[in-house]
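Please look through the structure below with attention to its ring contacts and overall form. The explanation that follows starts from the aromatic side chains and then turns to the chain as a whole.

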Amino acid sequence: MKSLLKKLSETPAPPGYETAVRAIIKEEILPFVDEIQVDNLGNLIARKGTRAPNGLRIMLAAHMDEIGLIVTHVDEQGFARFSSLGGLARASVRGARVQFLNGAFGVIGFEHSSDAGRLPPFEQMFIDLGAASRAECPVRVGDLAVFERGLIEIGSRLVGKALDDRVGVALLIELLRQLTAQAVRSPHELYFVFSAQEEIGSRGAAVAAYQIEPDLGLAIDLTASGGTPKGLKMAVELGCGPAIKVRDQLTIADPRLVSWAVDVAQHAGLPYQLEILERGSTDARAIQLARSGVPVSGISIPARYVHSPSEMVDAADLQNALLLLLAMLSQPLDLH
Ligand code: CO
Ligand code: ZN
């Protein structure tokens, strides 16, 4: 899974421009699915299996897009001004390298204000593309960029850009591979949704859930974690197992789904944690609000430095999330 994750992580796909990542996923999953389609927003939707009498229609979602930057203005000296697509943190961008979809590279810079501790707003930052004039600048208004950063391993940790949510994407691909390799006979009709435009408000998952009409939905995404020296008080730590979503900023998970995931983890002897994320949300929110409502939860991978160029996860959490999902989907579930 690591080499696949590296390839996925290093491929640029800002919101609305998921083509390159979608092509990789499509090629990977084609042998393992029964039906595949790309909808009008660019969601890649794959079905595996049909519903047995005791089965449900389950939607699993992992988003393809990552935080992006979009050029709003190029000034006479050749610096590109930008705004963000998704929740970019000002603290994590100074000196960050970016890569544009047209292949151009740049560095994010800003000038120090008299108050050295204060970060300027994005309007006062710029991307330096090594150009001396507007005419020389290789990008123009409307061009998109993402962080440029290769995936590395530090001990058991994986560090790279866009692990939010290429980790989820890699997990769903591996899940499809394992369901096939182990000839798992799931009673459920499984919809694997590689969603578009999550970072700007889960727009892809919303229309995918409307079309699929699932009986339940699970978002596979990153979550924040405690565990750093002065970190937030959050009972989720790296390396202690996948986190079962209980709530996040915009979603209350269905308690029946939380119990399901917890019971399966306990039976299988897998480590797990409970996620209560005070800031941030996932595709679970959009799925929950589709049509007349859908029970949702999520399996979240604990992470540090989310939305920075160096997001960090623990490889053991990926492995245990995979085992948990395999176990959950292998058996019938009574929602009543
Ligand atoms: Co995100
Ligand atoms: Zn995410």
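In this predicted model, a search of the whole structure finds 2 aromatic pairs. One of them is formed by Phe-79 and Phe-126, whose ring centres lie 4.8 Å apart with an angle of 50° between the planes. The pair counts as tilted because the angle falls between the 30 degrees under which planes count as stacked and the 60 degrees over which they count as edge-to-face.

The two rings come from distant parts of the chain, with their positions 47 residues apart in the numbering. Phe-79 lies in the loop between strand E4 (68-74) and strand E5 (80-85), whereas Phe-126 belongs to strand E8 (residues 125-128).

How do the two partners rank by exposure, buried or partly exposed? Phe-79 has a relative accessibility of 22%, so it counts as partly exposed, given that buried means under 20%. Phe-126, at 11% relative accessibility, is on the buried side of that cut-off.

Aromatic rings also meet charged groups in this model. The charged end of Arg-94 is placed over the ring of Phe-110, at 4.8 Å from the ring centre. A second case involves Arg-291, whose charged end sits over the ring of Tyr-210, 3.9 Å from its centre.

The next topic is the chain as a whole. Its secondary structure consists of 7 helices and 17 strands. The radius of gyration of the chain is 20 Å, and the globule rule gives 20 Å for 336 residues, so the chain is as compact as a globular protein of that length. Along the principal axes, the C-alpha trace spans about 65 × 45 × 40 Å.

Contacts and surface complete this description. Among contacts between residues at least 6 apart in sequence, 76% join residues at least 24 apart. Of the 336 residues, 55% count as buried. The accessible surface of the chain comes to about 14,400 Å², and carbon and sulfur atoms account for 50% of that area.

Cysteines are the last topic. How many disulfides does the structure hold? The number is 0, where a disulfide would need a pair of cysteine sulfur atoms within 2.5 Å. Among the cysteines, Cys-137 has a relative accessibility of 9% and therefore counts as buried. Cys-240, with a relative accessible area of 37%, is partly exposed, because this value lies between the 20% and 50% cut-offs.

Methods: Residues numbered from 1 in each chain as written. Chains lettered and ligands numbered in written order. Predicted model: local features only at pLDDT ≥ 70, side-chain atom pairs only at ≥ 80, totals over all residues. Heavy atoms only, no water. Phe/Tyr/Trp six-rings, centres within 6.5 Å; stacked < 30°, edge-to-face > 60°. Helix = DSSP H or I, 4+ residues; strand = E, 2+ residues; numbered from the N terminus. Buried < 20%, exposed > 50% of the residue type's maximum accessible area, 1.4 Å probe, protein only. Lys NZ or Arg CZ within 6 Å of the ring centre and 35° of its normal. Rg over C-alpha atoms; globule rule 2.2 N^0.38 Å. Contact = heavy atoms within 4.5 Å. Areas by Shrake-Rupley, 256 points an atom, 1.4 Å probe, with all protein chains shown as cover.
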